[in-house]
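Here's a quick walk through two parts of this model: a pair of helices and a run of paired strands. Have the structure open as you read.

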Amino acid sequence: MDDATADGSASPWRNYFLILLDRIPVPIAVCKADGEVLIANPAMAAEWGAAPGQLRGRNLLDLFRPRSQAQVDRVIDALRAGRRSRYPVEVRWRAGGNGAEREGELTVDPVGDPSETPPALLALLRVHEEPPPAPARDREAASPVETHILALAASGATTAAIGSHLGLTVDGVNYHLTRLARRWRVQGRTALVAKAYVLGVLAPGVWPPAAPGTAGEGPRGPRNGGPDVPSASGCSLRKDP
């Protein structure tokens with residue numbers, strides 16, 4: 001980044017600031033009041049696959065797409081009124097400029113001498129690493145492996161028996177059951193089986209338990225070359241110790 005003041009003279013405090021900015025892993029940019037980027041640290045530039053100096057002169061509103069114009073208007077009104085506080089703006093952008101869409105929160109904070117009008121803006125980006133929530137129909141669905149596990153569990157099979165039939169370890173079976181429990185927001189195997197029937201994952205009124213359209217066939221193993229799984233009725237009915 002540029003390490004000279006506007007008149008070309010070196011400024012030790014400014015150099016220290018730039019060194020610190022370079023080392024901060026949080027994406028940060030210093031902008032004019034209209035959003036024009038003056039300085040961007042490497043973490044901010046990395047979001048665009050660019051060097052820090054390449055963002056200079058670009059506008060935040062060209063780089064990021066606000067999810068709500070009202071949040072942007074709030075910042076503009078605050079600057080006009082001389083108020084100084086932190087203003088969050090939910091934004092979207094494409095990684096590297098044309099890659100996968102990302103989401104985050106851009107916190108805009110007026111900084112500088114209180115007498116300076118309009119003030120400079122310090123923009124900090126907090127990237128939302130977690131993907132957006134899945135649609136309700138996806139949360140209610142179950143994968144083929146999860147369906148097989150639920151069918152065998154509904155027949156009374158032990159965790160060890162389920163794992164043996166599906167080629168999974170006990171920990172593997174519990175992993176799938178735990179994921180389902182979290183996704184469906186229930187606790188315990190009995191509640192999981194009940195929810196599976198409510199959601200239509202398991203066909204009602206048939207034995208051995210199976211997914212709709214496969215009644216009478218019994219759960220089967222993976223189709224990628226693995227062995228077929230015996231029907232749920234052939235599993236042990238013993239309770240787990």
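## Where helix 6 meets helix 9

Let's start with a contact between two helices: Leu 150, Ala 153 and Ala 154 on the helix 6 side touch Arg 189, Leu 192, Val 193, Ala 196 and Tyr 197 on the helix 9 side. Keep in mind that this is a predicted model.

How do the two axes cross? The axes of helix 6 and helix 9 come within 10 Å, and the crossing angle is roughly 115 degrees. That makes helix 6 roughly perpendicular to helix 9, because angles from 65 to 115 degrees count as such. As for handedness, helix 6 goes past helix 9 in a left-handed crossing.

## The two sides of helix 9

Now look at helix 9 by itself, residues 189-198. Its buried residues are Leu 192, Val 193 and Ala 196. If you sight down the axis of helix 9, those buried residues fall within an arc of 95 degrees, so they line one face of the helix. What do they pack against? The buried residues of helix 9 sit against helix 6 (144-154) and also helix 8 (170-184). Leu 192, Val 193 and Ala 196 also turn up in the list of helix 9 residues that meet helix 6.

Flip helix 9 over and you'll find Thr 190 and Val 198, exposed residues on the face turned away from the buried side. Just past the end of helix 9 comes Gly 200, with a positive phi of about 85 degrees.

## Strand 1 and its hairpin

Over to the strands. Strand 1 (residues 28-31) and strand 2 (residues 37-40) pair antiparallel, with 3 bridges between them. Val 30 has Ile 39 in strand 2 as its bridge partner. The two strands make a hairpin with 5 residues in between, and Gly 35 in that turn takes a positive phi of about 100 degrees.

## Strand 6 and its partners

Which way does strand 1 run relative to strand 6, parallel or antiparallel? Strand 1 and strand 6 (residues 120-127) are antiparallel, joined by 4 bridges. Here Cys 31 stands opposite Leu 121 of strand 6. So strand 1 has strand 2 as a partner, and strand 6 as well.

Strand 6 also pairs with strand 5 (residues 101-111): they run antiparallel, with 8 bridges joining them. In this pairing, look for Glu 105, which stands opposite Arg 126 of strand 6. As a general point for reading the sheet, side chains in a regular strand alternate between its two faces.

Methods
Residues are numbered from 1 along each chain as its sequence is written. This is a predicted model: local features need pLDDT of at least 70, side-chain atom pairs count only at pLDDT 80 or more; totals for chains, interfaces and linings use all residues. Side-chain values use heavy atoms; hydrogens and water are left out. Buried means under 20% relative accessible area, exposed over 50%, partly exposed in between (1.4 Å probe, protein chains only). The arc is that of the directions from the helix axis to the C-beta atoms. Contact means heavy atoms within 4.5 Å. Two strands pair if DSSP finds at least two bridges between them. Axes are lines fitted to C-alpha atoms, for helices over the stretch in contact, and angles run from 0 to 180 degrees between N-to-C directions. Angles under 35 degrees count as roughly parallel, over 145 as roughly antiparallel, 65 to 115 as roughly perpendicular and the rest as oblique. A crossing is left-handed if the near helix is turned anticlockwise from the far one by less than a right angle, and right-handed if clockwise.
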